[in-house]
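Q: Walk me through one sheet in this model in close detail, please. Once that's clear, move outwards from it, and keep the cut-offs handy as you go.

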Amino acid sequence: MKIFLKLILASLLLLIGIQSFPQESNVKSNADGKDWSLLKHTWEAKWITHPTASTLDYGVFLFRRSFDLEDKPDKYIIYVSGDNRYRLYVNGQKVCDGPARGNLLHLRYETIDIAPYLLKGKNIVAAEVVNFGEYRHAEQHSSQTAFILQSDSTNKKIINTGDSKWKVTKNLAYDFIPITSDSVGGYYAAGPTDQFVASQHPWGWKKINFDDGDWLKPKTARTEAAVGRNFLFGASWFLVPRNIPMMEEKEVRLKEVIRTEGIQSNDGFLRNEKALTIPPNTKASILIDQTWLTLGYPNLITSGGKGSEIKITYAESLFGTVDPENLHTDDHFNARLVKGNRNETEGKHIFGYYDLIYPDGGNKRHFITLWYRTYRFIQFDIETADEALSLDNFYGIFWAYPFEENASFESDDPILSKIWEAAWRTQRLNSTETYADCPYYEQLQYIGDTRIQALITYYVSGDDRLARNAIEQFDHSRIPEGLTLSRYPSYVYQVIPTYSLIWIAMIYDYYVYRNDMDFVGKFQPGMISVLEWFEKRIGKNGLLGNLEWWNFTDWAPEYNNGVPPGAEYGHSASISLQYVYALKFASELFNSLGNKGLAVKYDQMASDMIQAVYTHCYDESRGMFAETPDKKIFSQHTNIFAILTDALEKNEQKDLMRKVLEQKDLIQATVYFRFYLFRALQKTGMGDEYLNQIEPWNIMLDLGLTTFAEREFDMRSDCHAWSASPCFDLLHTVTGIYPAEPGFKSVVIEPNPGKLNFIKASMPHPEGDIKVDLKRKGKKGISGSVSLPGNLSGVFIWNNEKTVLLGGSQEILYK
């Protein structure tokens, strides 16, 4: 009855345009640290939009609301959101941007205290709202162009959208440049770039004294799903509080000009020291090398140059001797093969997405992109008309999730320090309002990458909010058939059934590293629906096969588009064992959650499928598992999962692991799947072999990469999240720090130093830092110290001998 009454109340609130959202937010009040979003409030503000322009097509819209204050307030809380994106300014100063990525059923709003920006007397709140239109980012869910801002009820002055004092105009300076996969030579989903005509821009629109007399009164945006009236259960957006912090923003200077044509250049404009002047009627090209890959919002300040055109191209790397202007679509794949060493630029050309700017001759004109760009190399191609153009200043605003590097790893191998640095940069560039697979081409949160990113987060940062957000968003993505989408948020649907299994592994990882069963318990229906989808596809022989959609496992060249044999038209040992992997995790999770019946069921299903895989796919002559019952093809992948799922007796697993490493006729794991290879090494007591298996990362460093690529061959993306795994493995495998029990209530430290003579590492634990400082002692010994937080205990393992660890510092000595 109570639930029914709540539904009726919520429906009535929707009917009159009000909605209650008592959920939690992580954006705090600047005034007193109180989390104002925890207070229940109702939405009395209205979604507003431009009264005549299309609300579905591309457009940049500017909103203003002026108001007077008798005194400068101590606090002034507002709640704000937009569709697609907004930037909020108060009295000319940027306050925030958003909303944090979500979907229409979970559209985030930000809770902000704008009191520090307010003045006694006249004030202006202004917002830039952009709809990226048809070519918008695949992650960008959208209903229509709209903006909403509500004052907290405690504010003396209410400035809710929907009142008569808001104004709007369409910014005609902007148009979109459609970027497609053909435009950049690889699958692309990250949205359009910008064309900006300065003469059409209302310069000064964010300032108090700007004349907005010819701006229009906004109209209320359509918020109901039914036609013609406020239908009881219809809404375009369901607002929920932001659950992650605001992004880190900092100015980053471009490093150096490395090549020019048509002009003698200097680096002064890159340091804001000396403007670069392009004479009238000149064609000039300027190539800039940041020297490392980064992302952010490029900012260009120009003076003069009326009638000029500025093209700014961004790229992760330069491309061989192939002239991009003469490339045919079919040649883009081959063009990627001639990237070569990223530090060698002679004779190479830039090829990538770009912005176009048309100056109006004004002084100190400031252009900033509408979305972030990813780049190591940037090229200016400029053509001036009758007036000289001055490039006064050019810099980037780094924009990423505010992860802090709270872990460290040191050793006597300097290459490992370089690998750690590049891996952490890879993690940072793929962490914004969601995790992402790559920051240049897609910017999409894929489950396969995200599991590894979340583990890195637990080990290096300790801030688990983005990981929690990802687990929830994948749950939101579930389709009626029961599976998650492979990537989410995304309005372009893609289903990879194997990734739904990895989502269960993500939940299990969280369960192991965080003591939070309430959070874990929320995902029981989702886990059940995923496992049931696979259960319905078990064949008469007990194996999975004839599976729909894209059953991606790894980019091994021998796999058909990443799919192992038997997944689509037969019976696959690989997919069957991945299912067992998820079943075993689910069994433990449901047992801990008190659902003993499902725990027993999933454990039995796992045992039954292991038996089926062994019966039909185990080759006695090779002592290995084949891909399919015909036993013609063998891979590292299937045998790795055979170890991880105990498809062989434990006393046989080490021998199988050796075969996986030694037999070169096996389909080999690429840089992504080596994450699972390393788990099998550790499980079989062969963790010391890790340092001998990281050649792909060494290859990428030798090629001048400053982040790690999608794969060690045919590198489309120079920065791919799953390749950041060394940040996890140097702590988890080499240093040997891992949970001894769920919730990380105790710890195991079982180092695998391999050829290293010393290891010094630390990592954040919910109770405090774990610190390890060890040196080899002779051929078999080790000595040093381990420090644990006061409330944490554990065990140190060396050569199968154990030492009990307690909170505080203790000496380690094995001779």
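A: What follows starts with one sheet and its loops, then takes in the cores, a few helices and a second sheet.

Some bookkeeping before the tour. This is a predicted model, so local features need pLDDT of at least 70 and side-chain atom pairs count only at pLDDT 80 or more, while totals for chains, interfaces and linings use all residues. Residues are numbered from 1 along each chain as its sequence is written, and side-chain values use heavy atoms, with hydrogens and water left out.

Here's the sheet. It is open, with 5 strands in the order 5-4-7-2-9 and antiparallel pairing. Strands here are DSSP runs of E with at least two residues, helices are runs of H or I with at least four, and both are numbered from the N terminus. Two strands count as paired if DSSP finds at least two bridges between them. At the edges sit strand 5 (93-98) and strand 9 (167-170), each pairing on one side only. From one strand to the next the twist averages 20°; the axes behind that are lines fitted to C-alpha atoms, for helices over the stretch in contact, with angles from 0 to 180 degrees between N-to-C directions.

Zoom in on the strand 5 edge. Its pairing with strand 4 (residues 85-90) is antiparallel and runs over 5 bridges. One spot to click on is R87, which stands opposite D97 in strand 5.

Now the loops. Q144 is found between strand 7 (121-131) and strand 8. Q144 counts as buried because its relative accessibility is 4%; buried means under 20% relative accessible area, exposed over 50%, and partly exposed in between, with a 1.4 Å probe and protein chains only. The side chains of Q144 and T55 are joined by a polar contact of 3.5 Å. Such a contact is a pair of N or O atoms within 3.5 Å; within protein, one must be able to donate a hydrogen and the other to accept it, and residues adjacent in sequence count only if both atoms are side-chain atoms. Setting aside residues up to four places away in sequence, Q144 touches T55, L56, D83, N131, A221, R222, S236 and W237, where contact means heavy atoms within 4.5 Å.

One loop further on, N155 sits between strand 8 (146-151) and strand 9. At 7% relative accessibility, N155 is buried too. Its side chain reaches the backbone oxygen of I77 at 2.8 Å. Leaving out neighbours within four places in sequence, N155 is in contact with K75, Y76 and I77.

Next, the cores. A nonpolar core is a set of buried Ala, Val, Leu, Ile, Met, Phe, Trp, Tyr and Cys residues joined through side-chain atoms within 4.5 Å. The largest has 207 residues, and I288, F380, L391, W503, Y676, I749 and F796 have the most contacts inside it. Helix 7 gives the most to this core, with 13 residues. Apart from it lies another core of 26 residues, including I78, I114, F147 and I159.

Helix 7 turns up again with helix 9. Helix 9 (residues 524-535) has 12 residues and reaches 16 Å from first C-alpha to last, close to the expected 16 Å; that expectation is 1.5 Å times one less than the number of residues. G526, M527, S529, V530, L531, W533 and F534 are buried in helix 9. The buried residues of helix 9 pack against helix 6 (465-476), helix 7 (497-513), helix 10 (573-592) and helix 11 (596-617).

Helix 16 (residues 726-734) has 9 of its 9 residues buried, so it is largely enclosed by the rest of the structure. Just after helix 16, G736 takes a positive phi of about 80°.

For a second sheet, look at the order 23-28-29-30-33: 5 strands, open, antiparallel. Strand 23 (408-411) and strand 33 (808-814) are at the edges with a single partner strand each, so one side of each has no neighbour in the sheet. Neighbouring strands in this sheet are turned by 10° against each other on average, direction ignored. Strand 23 pairs with strand 28 (residues 758-765) in the antiparallel sense over 4 bridges, and the bridge partner of E410 in strand 28 is K760.
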